[in-house]
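Let's take a look at some side chains and who they pair up with. Keep the structure open while you read, and find each residue as it comes up.

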Amino acid sequence: MRPVPSSKISIPELLPDLVHRAELLRQLDSAADVALVSAPAGYGKTLLVAEWARASTEVDTAWVRLDQDDNDQRRLWSAVLASVARALARSADGPLLTGFDDRSWDLESAGGPDFLAKLIEVLCALPRPLRLVLDDLHEVTDAATLHGLQNFLRDRPPNVVLVLVSRLDPPFHLHRLRLEGGLTELRSNRLQFDRVETGTLLRRAGLALTPRQVDQLYQQTDGWPAGLRLAATAAAMDATTNVDWFLADFSGDERSVADFLVGEVFSSLPADRMQLLQATSICKQAGYSPISSTGPRSSGRSVRTAVSTGCSHSSAAISWRT
C-alpha cells in the first residue's frame, strides 16, 4: 500500500470546551446502515462525529480525512485500507491485519469492481462491526472516484456502517436508503446549538452573560457554532468590552456575523506573528482562508477588515463537479 500520513487516518482530538450533545450522539448510535452529516462550514460536524467515535467501545471506527488529492482513487483507497488496519489494531480483540497490511492489493485497479469485491469480502470477515467515516467528502469531485464510492456504498457488507461527513450532499443514490429507513441524516437545523448549549459554550469560554445576553447572541447567530465560538473569542480578548454594545453592533445571516466577528478578532490582536496565526486558525473555522499573515491592521468591523488583515471569504456554496 502507499504510505498514508497518520494524521489523515486518526480520529480528531476533542476541544477542551466541547459541548456534549447527547441527543445527536444517540441519533448517530441509531445509524445501522449509512449516516450523512451534511452542513456548511462551522457547524461542528467533524467534532460531533469524533466525539461519537471516541465514545464507542463495542464498534471499531476507521477514519479518513479526505482532501483534493483523494480524487486519485489509488490514494483514497490506500487511505481506507490503512485506516481499517489502524482501527483493527486498536481493537480489544487485538490486531487482525490480514488482508489490510499486506501488499496484495492492486492499487492500479483501486475503486474498480475487482478491487471493491475483494475489499467487501475481507470486510465481511471482520470479527466486530466497523464504522467507516469519510470526513470532508465534499473535497472529492472526480467522477470516476465518486462512482467507486457509490458502488462501495451500494455493495458494502451489513457489518459496516458508512458515515459521510460533508459540507454538501454527495451525488450518491440515497433515495432508496432514505425510503427504507436506512439513512440517518443530521443537517444544519439539527447541528445548530439551542439556547442551553449556547449558554454552556459561552460559560466554558469564560463569559459571564445574563440570560438576556445569551438569548440575544443565540438569536443573532441562529445557534451557528462557529459564530458563537468567534463571538466568545472576540469578547474574551478584552475584559473591558461592553457586551451589550458588542451584541448590538452586528446582526444578519451567518456570513455577516462571521464578517463582523473575524474583524473583531483581528483588530484586537497585537501584530505578533504567533497571535496572528492563532487568529488565522479562528478565521479558517469560520469558512475563511488565509491570504497573507502580514496585512495592515484596520479598525473596521466588516469583511473588509478580514481581507485587509489576512483573510478572504471562501463560500461553501459550491457545486459538485462531475
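## A threonine tucked away

T221 is buried, with a relative accessible area of just 3%. That value puts T221 on the buried side because the cut-off is under 20%. Keep in mind, as you click around, that this is a predicted model.

Where does T221 sit? You'll find T221 in helix α9, which covers residues 211–221. And what does its side chain reach? The side chain of T221 gets to the backbone oxygen of L217, at 2.9 Å.

## Salt bridges: the arginine with two partners

Now for the charged side chains. How many salt bridges are there by the rule used here? The count is 18.

Start with R74. Its side chain meets that of D72 in a salt bridge, at 3.2 Å from N to O. R74 has a relative accessibility of 28%, so R74 counts as partly exposed. D72 comes out at 26%, so D72 is partly exposed too.

R74 also forms a salt bridge with E108, this time at 3.6 Å from N to O. That pair links distant parts of the chain: R74 belongs to helix α3 (residues 73–90), while E108 is in the loop between α3 and α4 (113–124), and the two are 34 residues apart. Is E108 buried or exposed? E108 is exposed, because its relative accessible area is 63% and the cut-off for that label is over 50%.

## A bridge between two helices

Next, find D215 and R195. They form a salt bridge, and their closest N and O atoms are 2.4 Å apart. Why does this pair tie together separate parts of the chain? Because D215 lies in helix α9 and R195 in helix α8 (residues 195–204), parts that are 20 residues apart in sequence. Helix α9 is also where you met T221.

How do these two compare with the labels you've seen so far? D215 has a relative accessible area of 24%, so D215 is partly exposed. R195 has 43%, which means R195 is partly exposed as well.

## A network to finish with

Salt bridges can also join up into a group here. Which residues are linked in a network of salt bridges? They are K8, D67, D70 and R75. Try picking out these residues in the structure and tracing the links yourself.

Note on methods: Residues numbered from 1 in each chain as written. Predicted model: local features only at pLDDT ≥ 70, side-chain atom pairs only at ≥ 80, totals over all residues. Heavy atoms only, no water. Helix = DSSP H or I, 4+ residues; strand = E, 2+ residues; numbered from the N terminus. Buried < 20%, exposed > 50% of the residue type's maximum accessible area, 1.4 Å probe, protein only. Polar contact = N/O pair within 3.5 Å; in protein donor to acceptor, adjacent residues only side chain to side chain. Salt bridge = Lys/Arg side-chain N within 4 Å of Asp/Glu carboxyl O.
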